[in-house]
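Student: I've just opened this one for the first time. Could you walk me through it?

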Amino acid sequence: MTGRLNSAQPYAIGLFRIVVGLLFACHGANSLFGTFGGQTMEAGTWPGWYAAVIELVGGSLVLLGLGTRAAAFISSGAMAYAYFKVHQPQALWPIENQGEGAAMYCWAMFLLIFTGSGAFGLDRLFVKRTGTQSATTADQAPVAA
């Protein structure tokens with residue numbers, strides 16, 4: 001059973017990346033353009049407008065699997081900042097300070113820094129087209145605990 005699960009790991013990571021990226025991008029679009037019933041932020045306001053741009057761009061890149069690790073690194077940092085500067089001063093626990101979303105996005109993006117894009121990412125398509133073999137054997141092997 002472990003062998004089957006390990007062989008499916010790149011696909012599970014790819015689907016995880018797609019869902020997290022889509023939700024993160026929608027969160028940014030909500031703040032920037034008022035989609036999904038949200039209110040728009042005034043351009044250039046700190047930190048909300050900049051966070052929304054990071055969410056939209058970072059989420060889109062993660063969704064596509066293009067520069068996943070860099071986009072996830074910046075997105076994770078933005079969510080850590082959001083949690084500790086906006087939510088945590090209100091109360092200690094995320095359930096008390098409405099910071100569950102920021103904490104979950106922070107850790108989900110943090111995971112993608114280490115796993116990469118998984119299957120279905122555009123990164124892999126560009127690596128195949130250029131003919132360079134940048135991925136090592138360890139990079140392609142499933143992560144096992």
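**A first tour of the chain**

Tutor: Let's start with one residue: Ala52 is found in helix α3. Keep in mind that this is a predicted model.

Student: Okay, is Ala52 buried or exposed?
Tutor: The cut-off for buried is under 20% relative accessible area. Ala52 has a relative accessible area of 0%, so Ala52 is buried.

Student: Which residues is Ala52 in contact with, leaving aside its neighbours within four places in sequence?
Tutor: One partner is 24 residues away along the chain: the C-alpha atoms of Ala52 and Gly28 are separated by 4.3 Å. With neighbours within four places set aside, the contacts of Ala52 are Gly28, Ser31 and Leu32.

Student: Ser31 came up there. Where does Ser31 lie, and is Ser31 buried or exposed?
Tutor: Ser31 lies in helix α2. Leaving aside neighbours within four places in sequence, Ser31 is in contact with Gln39, Thr40, Met41, Ala52 and Glu55. Its relative accessibility is 15%, so Ser31 counts as buried.

Student: Let me zoom out. How many helices and strands does the protein chain have?
Tutor: Reading along the sequence gives the pattern α-α-α-α-α-α-α-α. The secondary structure comes to 8 helices and 0 strands.

Student: And what percentage of the residues count as buried?
Tutor: The protein chain has 145 residues. Among contacts between residues at least 6 apart in sequence, 65% join residues at least 24 apart. As for burial, the share of residues that count as buried is 30%.

Student: Which helix gives the most to the largest nonpolar core?
Tutor: That core has 16 residues, and those with the most contacts inside it include Phe24, Val62 and Met109. At least two core residues come from each of α2 (9-33), α4 (68-87) and α6 (100-115). With 7 residues, the helix giving the most to this core is α6.

Student: Why would nonpolar side chains end up together like that?
Tutor: There's a general tendency at work here. In soluble globular proteins, nonpolar side chains tend to be buried together.

Student: Back to α6, then. Which helices do its buried residues pack against?
Tutor: The buried residues of α6 are Ala102, Tyr105, Cys106, Ala108, Met109, Leu112 and Ile113. Take Ala102: not counting residues up to four places away in sequence, Ala102 touches Met79, Ala82, Tyr83 and His87. As a group, the buried residues of α6 pack against α2, α3 and α4.

Student: How far does α6 reach from its first C-alpha to its last?
Tutor: α6 has 16 residues, and at 1.5 Å a residue the expected span is 22 Å. The model comes close to that, with a reach of 22 Å.

Student: Which residue just after α6 takes a positive phi?
Tutor: Look just past the end of the helix for a phi of about 80°. The residue there is Gly116.

Student: Ala82 touched Ala102. Where is Ala82 found, and is Ala82 buried or exposed?
Tutor: Ala82 is found in helix α4. Not counting residues up to four places away in sequence, Ala82 touches His87 and Ala102. Its relative accessible area is 16%, so Ala82 is buried.

Student: At what angle do α3 and α4 pack?
Tutor: Helix α3 covers residues 48-64, and its axis is 9 Å from that of α4. The crossing is left-handed. The angle is about 145°.

Student: How do the residues of that contact divide into nonpolar, polar and charged?
Tutor: From α3 come Ile54, Glu55, Gly58, Leu61 and Val62, and they meet α4 residues including Thr68, Ala72 and Met79. The residues of this contact divide into 8 nonpolar, 3 polar and 1 charged.

Student: What about the loop between α2 and α3? Which peptide bond is cis?
Tutor: Pro47 has its place in that loop. Omega is near -5° for the cis bond, which runs from Trp46 to Pro47.

Student: Is Phe36 buried or exposed?
Tutor: Phe36 is also found in the loop between α2 and α3. Its phi is near 60°, a positive value in a residue other than glycine. The relative accessible area of Phe36 is 64%, and the cut-off is over 50%, so Phe36 is exposed.

Definitions and conventions:
Residues numbered from 1 in each chain as written. Predicted model: local features only at pLDDT ≥ 70, side-chain atom pairs only at ≥ 80, totals over all residues. Heavy atoms only, no water. Core = buried A, V, L, I, M, F, W, Y, C linked by side-chain atoms within 4.5 Å. Buried < 20%, exposed > 50% of the residue type's maximum accessible area, 1.4 Å probe, protein only. Helix = DSSP H or I, 4+ residues; strand = E, 2+ residues; numbered from the N terminus. Contact = heavy atoms within 4.5 Å. Axes fitted to C-alpha atoms, helices over the stretch in contact; angles between N-to-C directions. Left-handed = near helix turned anticlockwise from the far one by under 90°. Nonpolar A, V, L, I, M, F, W, Y, C, P; charged D, E, K, R; others polar. Expected span 1.5 Å × (residues − 1).
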